[in-house]
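Work through the exercises below with the model open. Each one has a task and a stepwise solution.

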Amino acid sequence: KYRLTSYYPGDECASGHCTGTGLCTDDFQTNEYGWYTYKGKLVLAAATTYLQNKFGVKENKLYFKYYDEVVLTIDGVEYEGIVLDTCGACYKNEIVDLYVSNKESVVDRGYKGKNMISMEVVNKKQ
């Protein structure tokens, strides 16, 4: 179970228009909710192996690599997702961060453990 948070270009964390993979908002589409998608999959940031030196490593925590594919269940609906960015807060807690187009498209699930999402890895990069 994970908390789902959102980030968008120009948010309070000064998020940019590009992800850790080098893919940028021009490479993405948006769905009906204003969430960025890449090849039909939700664009996600997670705790990746790439910044473990900066943020540390926790035992029994799942770390991702760019282009890992997952299935998220948000409000009972399954969505395909792809990890294209790194999220600092995701190293401390069980969080996955959804890349959205603007403040109005932000989604937050699982605050204080309520309405958490589930996530299953379906294609792990080597």
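## Pockets, cavities and cysteines

The largest pocket has 21 lining residues; nearest its centre lie Ser6, Tyr7, Asp11, Cys13 and Asp97. Keep in mind that the model is predicted.

**Exercise 1.** Characterise the largest pocket by volume, by lining chemistry and by the strands that supply its lining.

*Solution.*
- Step 1. Take the volume: about 430 Å³.
- Step 2. Sort the lining by class. The split is 10 nonpolar, 5 polar and 6 charged residues.
- Step 3. Find the strands. S1 (3–7), S6 (77–86) and S7 (95–99) each contribute at least two lining residues.
- Step 4. Rank them. S1 gives the most, with 3 residues.

**Exercise 2.** How many cavities of 30 Å³ or more does a search of the whole structure find, and what lines the largest cavity?

*Solution.*
- Step 1. Count. The search returns 1 cavity at that cut-off.
- Step 2. Size the largest cavity: its volume is about 50 Å³.
- Step 3. List the lining. Tyr2, Ala46, Ala47, Lys61, Leu62 and Phe64 are among the residues there. Cys90, Asn93, Glu94, Ile95, Val96 and Met119 also line the cavity.
- Step 4. Classify. The lining holds 9 nonpolar, 1 polar and 2 charged residues.

**Exercise 3.** Find the disulfides and give their pattern along the chain.

*Solution.*
- Step 1. Search the whole structure. There are 2 disulfides.
- Step 2. Take the pair Cys18 and Cys24. Their sulfurs are 1.8 Å apart. The angle about the S-S bond is 100°, and the link is right-handed.
- Step 3. Take the pair Cys87 and Cys90. Here the S to S distance is 2.2 Å. The S-S torsion is about 85°, so this disulfide is right-handed.
- Step 4. Number the bonded cysteines along the chain. The pattern reads 1-2, 3-4.
- Step 5. Check Cys13. Cys13 is in no disulfide, and the nearest cysteine sulfur, that of Cys87, lies 8.9 Å away. A disulfide needs the sulfurs within 2.5 Å.

**Exercise 4.** Is each of these cysteines buried, partly exposed or exposed: Cys18, Cys24, Cys87 and Cys90, and Cys13?

*Solution.*
- Step 1. Set the cut-offs. Buried is under 20% relative accessible area, and exposed is over 50%.
- Step 2. Cys18 has 43%, so Cys18 is partly exposed.
- Step 3. Its partner Cys24 has 18% relative accessibility, so Cys24 counts as buried.
- Step 4. Cys87 and Cys90 are both buried.
- Step 5. Cys13 reaches 61% and therefore counts as exposed.
- Step 6. Link back to Exercise 1. Cys13 is one of the residues nearest the centre of the largest pocket.

How values were computed. Residues are numbered from 1 along each chain as its sequence is written. This is a predicted model: local features need pLDDT of at least 70, side-chain atom pairs count only at pLDDT 80 or more; totals for chains, interfaces and linings use all residues. Side-chain values use heavy atoms; hydrogens and water are left out. On a 1 Å grid over the protein atoms alone, a cavity is a set of points where a 1.4 Å probe fits but cannot get out, and a pocket is an open set with protein on both sides within 12 Å along at least five of seven lines; lining residues have an atom within 4 Å of a point. Grid points are joined across faces, edges and corners, and a volume is the space filled by probe spheres set on the points. Ala, Val, Leu, Ile, Met, Phe, Trp, Tyr, Cys and Pro count as nonpolar, Asp, Glu, Lys and Arg as charged, and the others, Gly among them, as polar. Helices (H or I, at least four residues) and strands (E, at least two) are DSSP runs, numbered from the N terminus. Buried means under 20% relative accessible area, exposed over 50%, partly exposed in between (1.4 Å probe, protein chains only).
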